[in-house]
Amino acid sequence: MPLVECVPNFSEGRDPVVIAAIRDAIAGTPGAHVLDVSSDVSHHRTVITFVASLDAAVPAALAAMRVARDRIDLTKHSGEHPRIGATDVVPFIPLDGATMDDCIALARELGERAARELDVPVYLYERAATTPARENLADVRRGEFETLRDEVRTNSARRPDFGGAALHPTAGATAVGARPFLVAYNIYLGDKSNLPVAKEVAKAIRGSSGGLRYVKGLGMEVDGQAQVSMNLVDTEKTPLHRVFDFVKTEAAAYGVTPTWSEIVGLVPERVILEAGARHIQLRGFSKAMLLETKVREVASGGESLDAFVSRVASPAPTPGGGSVAAHAGALGAALAQMVSGLTVGRKKYAAVDDEMKQLALQASALRRALTELVTRDAESYDGVRLAYQLPKDTDEQQAARATAIREALINAAMVPLETARTAVDVASVAAALAERGNSNAVSDACVAALLAEAACKGAVLNVRINVASLDDAGTERGAQLASEARKLLDAASMHARIAEAAAEHAMLPGGPTT
C-alpha cells in the first residue's frame, strides 16, 4: 500500500496535555501511525511525524488540526520559532509507492477541508504552491501571525488559497504543502554570548543569502546557547556532512567551535550513513551492504510485485482476472503520471503546463482508485462464493439464498464496471498526453492507453460473466450493467486509437524518438 509521511508542526511545546491530545488525534485515525513526537520549550513548538495510507493521511492531519484549533491560542503564544497558526505547517512527503503528485493532491484536499470544516484558512506551499511566490515557506510566513492577521484583510497578494480574507481569531492560518524529505538539523556554538556569530553563520549558510542552495537557516538563542537552526530540504544535493563542515568553517572565522548538534524528529538512515562513511573516509559503501537492509527485505510485510504475480499464478481463484485488469489499469495510470511529470516545467510545453499538472493529479487519483479495485474485485468474488454456500434445505432458505446470490452477483458485476469506468478515464488522460505531452514520451503515453484499454476489456468480461449468471429477477438490472459496459469499452478503444495515432505520427521520419 502506498504510504506518505506527514510532519505537522504545532505552536505548542510546553503543555504536555495539549501535545498528548494532538498526538492521540492522529494515532486514533485508522491507517495512521505516529512515529515521533518532538517538543521544544524555547521554540514553543511540537513536531509530530506520522506515516499513513493515502486514504488516512488527510483525516489524520485534519483531526490533529481540529484539536490544535480548539486548544491553542496564538494571541497568547510566543516562542523563538516563526509561526502563523496553531497548526503552523503540514507537509506531505512521498514514501514507498507514493509520488509527489499524490502528496500535492493530499495537500489540496486538506486545504479545502480545513477551510470548510475548521474555518482555518490555508496557504499552499512548496510543490503544492499555486504561485511561485508561495513556494518558499518563509515567504508565506513573513511577518508571522500578527502581521499576516492585518495584511490578509487589505493585501490581495496575502489572501489564502482556501478560506476568506481573515485568519481564525485564535488559530491563525496553516501552510499545507508537498515536499521531499526534510531534515531539521541544529548546530550549537557555545553559550548565548556567541549568538551574533550564530546569526552570521546562519546568514552565510542559507541558500537565500548565497550559501548552500538547499539549506534554510536562522541564528537564535535556545536554552542559553547560540544555535544555528536549519532545515535541509534536499539532503541528496546538500548532504549533512557538508552542512556541518560549512558551519564549522564559518564559525572558526570568529574563533568559535561547534559544541554539539542535534536532529529534530526523524531522519532517513541514508543521511547518517553517508555522514559516517564520509567521516571515516569509507569508499564504495552503500546501504545494500548493511545486514539490516537484507533482513528488512526478507521480513517486509508489504506485497511485492513478484508476490502479487505469484498469488495470481496459484490455484486459488483470487486474485483473478478482475483484479489483474484493475492492476493493468493502475500501471497505465502510473505511466500516464510519469509522462505528465516529464512534461511539466519544460519550456517547450509551457502552453500546456497547467493542463499537464491537472492530468498528473488526475492520473494519481486514478492509480489509487484502481489499486483499491484490485482488492475489491477479489472481495466481491468471495461474496459470491459465500452466497452459493448458504443453506437451501427449506423454501425460505432457498428464497433467501437466491436473493443473496443475486445481490452478490450484481455487486460482483458493479465492481469491475467501476474498474472499466476508471480505466476509460485513464485512457482519456493517456490520449491527451500522447497528443500534447512530451513528444519524447509519446510511446509511454500510448502504452498507458493500451493498458487502460486492456483493463477495460478485462473488466467488461467480468461484468458480462456475472450478469450472465443472474436469475430472472436480476435480468433487468443485469441488462443495464451490460449496456453501460459496452459503451465504456467503445470509449476506451476510441482513446487508445487516438494515442496510437499520436505515437504513429511521432515515429514518422524526422519525428521525435523515445
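**Exercise 1. Which handedness, left-handed or right-handed, has the crossing of α1 and α2?**

*Preliminaries.* This is a predicted model, in which local features need pLDDT of at least 70 and side-chain atom pairs count only at pLDDT 80 or more, while totals for chains, interfaces and linings use all residues. Residues are numbered from 1 along each chain as its sequence is written, and side-chain values use heavy atoms, with hydrogens and water left out.

*Solution.*

Step 1. Locate the elements: helices (H or I, at least four residues) and strands (E, at least two) are DSSP runs, numbered from the N terminus. Helix α1 covers residues 16-27 and helix α2 residues 57-71; their axes come within 7 Å and cross at roughly 155°. Axes are lines fitted to C-alpha atoms, for helices over the stretch in contact, and angles run from 0 to 180 degrees between N-to-C directions.

Step 2. Classify the angle: α1 is therefore roughly antiparallel to α2. Angles under 35 degrees count as roughly parallel, over 145 as roughly antiparallel, 65 to 115 as roughly perpendicular and the rest as oblique.

Step 3. Assign the hand: α1 and α2 cross in the right-handed sense. A crossing is left-handed if the near helix is turned anticlockwise from the far one by less than a right angle, and right-handed if clockwise.

Step 4. Inspect the contact (heavy atoms within 4.5 Å). Val17, Val18, Ala21, Ile22, Ala25 and Ile26 of α1 meet Ala60, Ala63, Ala64, Val67, Ala68 and Arg71 of α2. By class, these residues comprise 11 nonpolar, no polar and one charged. Here Ala, Val, Leu, Ile, Met, Phe, Trp, Tyr, Cys and Pro count as nonpolar, Asp, Glu, Lys and Arg as charged, and the others, Gly among them, as polar.

**Exercise 2. Describe how helix α12 packs against α11 and against α13.**

*Solution.*

Step 1. Helix α11 (residues 321-343) and α12 pack at about 165°, with axes 8 Å apart. This angle makes α11 roughly antiparallel to α12, and the crossing is left-handed.

Step 2. Among the residues in this contact are Gly322, Ala326 and Ala330 of α11, and Met356, Ala360 and Ala363 of α12. The contact of α11 with α12 divides into 13 nonpolar, nine polar and two charged residues.

Step 3. The axes of α12 (residues 353-388) and α13 (residues 395-436) come within 9 Å and cross at roughly 160°. Consequently α12 is roughly antiparallel to α13. The crossing of α12 and α13 is left-handed, and their contact has 21 nonpolar, six polar and seven charged residues.

**Exercise 3. Trace the sheet that contains β8, and explain which strands stand at its edges.**

*Solution.*

Step 1. The open sheet has four strands in the order β9-β10-β8-β11, with antiparallel pairing; two strands pair if DSSP finds at least two bridges between them.

Step 2. β9 (215-222) and β11 (260-264) each have a single partner strand, so one side of each is left without a neighbour in the sheet. From one strand to the next, the twist averages 25°.

Step 3. Helix α6 (residues 195-205) packs on this sheet, touching β8, β9 and β10 (225-232), and its direction makes about 175° with that of β9.

Step 4. β8 (residues 183-191) and β11 pair over five bridges; Tyr188 has Trp260 in β11 as its bridge partner.

**Exercise 4. Identify the unusual backbone geometry at His44 and at Pro319.**

*Solution.*

Step 1. State the expectation: most residues other than glycine have a negative phi, and most peptide bonds are trans.

Step 2. His44 is not a glycine, yet has a positive phi of about 55°. His44 lies in the loop between β3 (32-40) and β4 (45-53), in a hairpin with four residues between the strands. β3 and β4 pair in the antiparallel sense over eight bridges, with Ser39 opposite Thr46 in β4.

Step 3. Thr318 and Pro319 are joined by a cis peptide bond, with omega about -5°. Pro319 is found in the loop between α10 (305-313) and α11.

**Exercise 5. How far apart are the closest N and O atoms of Glu117 and Arg113?**

*Solution.*

Step 1. A salt bridge is a side-chain nitrogen of Lys or Arg within 4 Å of a carboxyl oxygen of Asp or Glu. By this rule the count is 26 salt bridges.

Step 2. Glu117 and Arg113 form a salt bridge, their closest N and O atoms lying 2.8 Å apart.

Step 3. Both residues belong to helix α3 (residues 100-118), four residues apart, about one turn of the helix.
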